[in-house]
Amino acid sequence: VTMASGSGRGRGRGSGTNNSGERTQDYYGTIQPDLFVRQPGEPKIGSSGRPQRCFANFVPIEMEKADYSIYQFHVEFDPVVDSKHVRERMLLHENVTDEIGCYHVFDGMILYLTKEWHQNQEIEVPHPNTGDLIKVIFKQTNRFLLDNAQTINIFNTIVRRCFDEMQLVQLGRHYFNSKDARNVREYNMSILPGFETAIRMYENQLMLCEKMNEMYGGSTIITLYNNKLHRFTRLDWTINPLSEFQKDGQSITLKEYFKMQYGKEIKHDDQPIIISEGKPKQPGEPPQVNYIVPELCFPTGLTDEMRKDFRMMKEIAMYTRLSPQQRLQETRKLITEFHSNERVQACLNYWGIRLADDLANVNARVLKSEPLHAEGTKKYEGRNAEWARGVKESGIYRRSDMTNWIVVGPNSGNSGMLIQKFIGESSRLGSTLRVPIGDPMCVPIKGVTPNDYLEGVKLAIKQVAGETVHMLVVMLVDDNKTRYDSLKKFLCVECPIPNQCVNLRTLAGKSSDGGENKNFGSIVLKIFLQMICKTGGALWKVNIPLSDTMIVGYDLYHDSTLKGKTVGACVSTTSGDFTEFYSQTRPHENPTQLGNNLTHFVRKALKKYYDNNNNTLPTRLILYRDGAGDGQIPYIKNTEVKLVRDACDMVTQRAAKINNKEHKPITLAFIIVTKRVNMRILKQGASSNTAINPDPGTVVDTVVTRPERMDFYLVPQFVNQGTVTPVSYNIIYDDTGLGPDKQQQLAFKLCHLYYNWQGTVRVPAPCQYAHKLAFLTAQSLHGDSDEQLRDKLFFL
């Protein structure tokens, strides 16, 4: 059932025919018009791959009545009642429910009903804690039909109301089942299973997305008297529960306030008060401040110390990493509870809604696995989208030169021995993989301070003055950030040399293994492969049958030293086989600067492509934009796409002028890649009662995709623990003519080209490279790397 549109058409552009081509979709007034990126009638379903039955963590919603109105009222309390919880309780008092029943939706200020009522009404209700009579004033402010954008918000509130009826506890935006707490006795900790829900319009009907939450994190505290989560900012020792503040023009102590508002008796009068600063309501305003009594709150989440405790994290993972089978069972259990709870059913009946009996069924497709091209005509395939063995056995696609290399590090004791062992293993790998590698120049350092290392590196460079250094390896005694940052800054910004930092502790292994690291060979192989990439080599290639195409990945990372500054990073392909990359970074403070950066990045990337390809430009550009939330889609669609288009046109016009040729515009596909999604896809096992993780290459482009988007979900990796999270691709602009099937195949192929891992990664390789580059720049370099390094993957 599509959403009924009442008596009139909704606002918003229609999204054309539905996927199956059976009929035309209604106009969706429930979707903001500026979110539409799919043209009417434009197909979005691919055809490649083998069909696969899957479940998604969505429950279809069926509408039982089509033409009712929703009435909206503004509610005021006189005198004012601060607690939202108390306001909600007052609206469930018989003085009110005798008039409007108890299944209304009330968000603390606005009331929604499905039946007409007086336009203005006043009802006196006693305050639940004090018994004082409070005047509740209702004023009708609006009436709308089911196709209004506000409908979705109301339905979301109805579902939250149902959770309240089932006695789940709301913390922040999520609901937790305290009756089903799992206690980890050894650590004096309770883990509550939680649910996150959201109703949205999906391809042909409304769906409720139910995601079981794995964990709550951060320095967050919870106040159980109102089930709110707060960020711990600081302790204030200058105030305590007996401190006074002004409320409604009268002085009142914190102790009296909590007694009156929440019925909570504070026992200790000499405790300090926790200050929790929230976000400002309006830009430019000071942050909102909450005062919390320590006695009335509990810590939540995990501290950094806890996260470092391997045994503890393993124990917690048993409860938090749900397998697809557990996820299927838990969600079905929740649906059964929904259907068997009489109050929940009465509430849904009042609103004319019915939840389906099971999770949504989705016909997915699994794309065929990609062969990897090695040296010459050799090819190999991975197993479960991993191919660590294949590289060593088949050789590498493009070799690099490491005849002149330097090793800097301590030469005494165990460190000296490990360094020699590393050099020996590297030489062996060089001959196995046919990479020209000479004997390195070893430069010992006097001490292990950041300065000692820096001096050692400078001395080494001085000793080979004028000679080309292919690779400089620095052997670090531990993972001290200051030492690492100063070396990276020097070797990437001030004195550009391809470099590799190696932590000696990684090579040493555990003392329990008798000082021998049984994984020594595979660790050195991974480091050696990185060194090949940093010196201009490529480990493998996949077959991407697109000519004259440039692929761009873009991502952001917040700089650790510059408050408010974000580093944007762009990595683009410069060769026809998509194995050579060019990287750029620029900081920005606001979206306007970000747009200017994109213009700069695209122009420079095209120039680099032009220089690398006999003065020819690509005919198409495919840009993957990582690091964007749903809220930014209108801005990206209206601003960034245009800036990229303009940058392309500027470059092609200049090239046409220089070469005295006809101007040919570059076609563009602009794709938003989102890793953090609530969607989970479960592959149906041998029967409909079993579920496992989907295979790598699983694509979903129907049922649970969005009608206003050209979108699809892709699972590129094999996951052993927990449930895999698919990645969302939203094609917000595309005049390349590739169509949905080729876009889906291309995205999967590109997940194979990240050379720092012998397997597929979650996002297209240029995005993953951009993320790695932005991270290094923001954390360590705090400035642009030298131009000499930018055509190599120096940031791996």
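Contact here means heavy atoms within 4.5 Å. The model is predicted. This briefing covers a buried phenylalanine, a helix pair, a strand residue and a surface patch.

**Phe-794**
- Phe-794 lies in the segment that follows helix H18 (765–781).
- Its relative accessibility is 2%, so Phe-794 counts as buried, the cut-off for buried being under 20%.
- Leaving aside residues up to four places away in sequence, Phe-794 touches Cys-492, Lys-534, Ser-583, Leu-773, Leu-776, Leu-781, Ser-785 and Leu-789.
- Between Phe-794 and Asn-499 the C-alpha to C-alpha distance is 7.3 Å, although 295 residues separate them in sequence.

**Helices H7 and H8**
- Helix H7 (residues 324–340) and helix H8 (residues 342–351) have axes that come within 5 Å and cross at roughly 75 degrees.
- H7 and H8 are therefore roughly perpendicular to each other, since angles of 65 to 115 degrees fall in that class.
- On the H7 side the contact is made by Phe-338, His-339 and Ser-340, and on the H8 side by Glu-342, Val-344, Gln-345 and Leu-348.

**Gln-121**
- Strand E6 (residues 120–126) contains Gln-121.
- Gln-121 has 18% relative accessibility and therefore counts as buried.
- Glu-99, Val-136, Ile-137 and Phe-138 are touched by Gln-121, with residues up to four places away in sequence not counted.

**Nonpolar surface patch**
- Phe-232, Leu-235 and Trp-237 make a nonpolar surface patch of about 350 Å².
- Leu-235 of this patch sits in strand E16 (residues 234–236).
- The relative accessible area of Leu-235 is 35%, so this residue is partly exposed.

Note on methods
Residues numbered from 1 in each chain as written. Predicted model: local features only at pLDDT ≥ 70, side-chain atom pairs only at ≥ 80, totals over all residues. Heavy atoms only, no water. Patch = residues over 30% accessible without salt bridge, like charges linked within 9 Å, V, L, I, M, F, W, Y side chains within 5 Å. Areas by Shrake-Rupley, 256 points an atom, 1.4 Å probe, with all protein chains shown as cover. Salt bridge = Lys/Arg side-chain N within 4 Å of Asp/Glu carboxyl O. Helix = DSSP H or I, 4+ residues; strand = E, 2+ residues; numbered from the N terminus. Buried < 20%, exposed > 50% of the residue type's maximum accessible area, 1.4 Å probe, protein only. Axes fitted to C-alpha atoms, helices over the stretch in contact; angles between N-to-C directions. Parallel < 35°, antiparallel > 145°, perpendicular 65-115°, else oblique.
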